[in-house]
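Trainee: Please take one part of this model and go through it closely, in one connected account. Keep to the geometry and the contacts, and give the cut-offs as you go.

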Amino acid sequence: MAAAELSTLEELTDEVLLQTEPDDRTSPLADKDGVLRAGPIYTALMNLQAEEQCPFYKFVWINHAPPRVRFFAWLLVQGKIQCRTNLLVKTIIEDSTCELCKADAESPDHLILHCQTASQYWAHLGIAVRHASVSQLWLLERPTRIPTQHYHTFLLLCAWQIWKHRHDVVFRSKEPSLLLLVAELQRGSSPMETDCHEKTGALLRPGVQYFVLICSPL
Ligand SMILES: [Zn+2]
């Protein structure tokens, strides 16, 4: 076995000539200092994806949400967040029961849209979720009081807040609570809002303003 692998390796390296001169290879994707960095390459890759090829591209990436929320959304619309049904598939846990309601499996759709706390939250915001799926979150009907240009940012922030609340319940022993979900914003200390201001400055403020405005006290 090892001999066969060695033979294959030797075939692959047979034509490689090592040189003593400095490596002066360049790449069109390298920065001005010649260093290849993941960020610009990823951006270029994303730009190559035409909207019709990737139905969620615009929703996930073209908005004013903080980078960590956009990354979460990228996982979410593909059903790949680390919820319990996905952890069960990976055999990390043995039971996929939702930590918030204890009544159903914690799938991405259940957690973000249909779990009791989540559905109450969406109803409080005036957004009907009924049979909606996170794979097409952008299709949720927009309440007229939310401006079109901020709606995608708004939806992403809502989903992110539910995810953060789930984190508080699972890892910080908080009780699932619509009051808590809404109260985080009223305190003005929501990690999400802090992220928004720190990471993207004034650009995001309109989205956050509408988010705070609409998440009025219960
Ligand atoms: Zn649940």
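Mentor: Just after helix α8, Ser 173 takes a positive phi of about 60°. Helices here are DSSP runs of H or I with at least four residues, strands are runs of E with at least two, and both are numbered from the N terminus. The model is predicted, so local features need pLDDT of at least 70 and side-chain atom pairs count only at pLDDT 80 or more, while totals for chains, interfaces and linings use all residues. Residue numbers start from 1 along each chain as its sequence is written.

Ser 173 is not a glycine, yet its phi is positive. Most residues other than glycine have a negative phi. Ser 173 sits in the loop between α8 and α9 (178–186). It is classed as exposed because 7 other C-beta atoms lie within 10 Å; the cut-offs, for C-beta atoms placed from the backbone and counted within 10 Å, are 20 or more for buried, 12 or fewer for exposed, and partly exposed in between. A loop on the other side of α8 has a similar entry: Arg 130, in the loop between α7 (116–124) and α8, has phi near 30°, again positive in a residue other than glycine. Arg 130 is exposed, with 10 other C-beta atoms within 10 Å.

Between these two loops runs α8 itself, residues 148–172. Its 25 residues reach 35 Å from the first C-alpha to the last, close to the 36 Å expected at 1.5 Å a residue; the expected span is 1.5 Å times one less than the number of residues.

The contact to examine on α8 is the one with α4 (residues 67–77). The two axes come within 10 Å and cross at roughly 85°. Axes are lines fitted to C-alpha atoms, for helices over the stretch in contact, with angles running from 0 to 180 degrees between N-to-C directions. That crossing makes α4 roughly perpendicular to α8, since 65 to 115 degrees carries that label, under 35 counts as roughly parallel, over 145 as roughly antiparallel, and the rest as oblique. On the α4 side the contact is made by Val 69, Phe 72, Ala 73 and Leu 76, and on the α8 side by Leu 156, Leu 157, Ala 159, Trp 160 and Trp 163. Two residues are in contact if their C-beta atoms, placed from the backbone, lie within 7 Å. By class, the contact has 9 nonpolar, no polar and no charged residues. Here Ala, Val, Leu, Ile, Met, Phe, Trp, Tyr, Cys and Pro count as nonpolar, Asp, Glu, Lys and Arg as charged, and the others, Gly among them, as polar. An α-helix has 3.6 residues a turn, so residues three or four places apart point the same way.

Two neighbouring positions on α4 show the local detail. Val 69 lies in helix α4 and is buried, with 26 other C-beta atoms within 10 Å. Its C-alpha and that of Leu 156, 87 residues apart along the chain, are separated by 6.9 Å. Setting aside residues up to four places away in sequence, Val 69 touches Leu 156, Leu 157 and Trp 160. Arg 70 is also found in α4, but it counts as partly exposed, with 18 C-beta neighbours inside 10 Å. The C-alpha atoms of Arg 70 and Thr 153, 83 residues apart along the chain, are separated by 9.2 Å. Leaving aside neighbours within four places in sequence, the contacts of Arg 70 are Val 60, Trp 61 and Ala 65.

α8 also contributes to the largest nonpolar core, where Ile 112, Ala 118, Leu 155, Leu 156 and Ala 159 touch the most other members of the 36. Such a core is a set of buried Ala, Val, Leu, Ile, Met, Phe, Trp, Tyr and Cys residues joined through C-beta atoms within 7 Å. At least two residues each come from α3 (57–61), α4, α6 (108–114), α7 and α8, and the largest share, 10 residues, is from α8. Ala 118 touches Leu 111, Ile 112, Leu 113 and Ile 162, not counting residues up to four places away in sequence.

For context, the protein chain has 11 helices and 0 strands. Buried residues make up 29% of its 218 residues. Among contacts between residues at least 6 apart in sequence, 51% join residues at least 24 apart.
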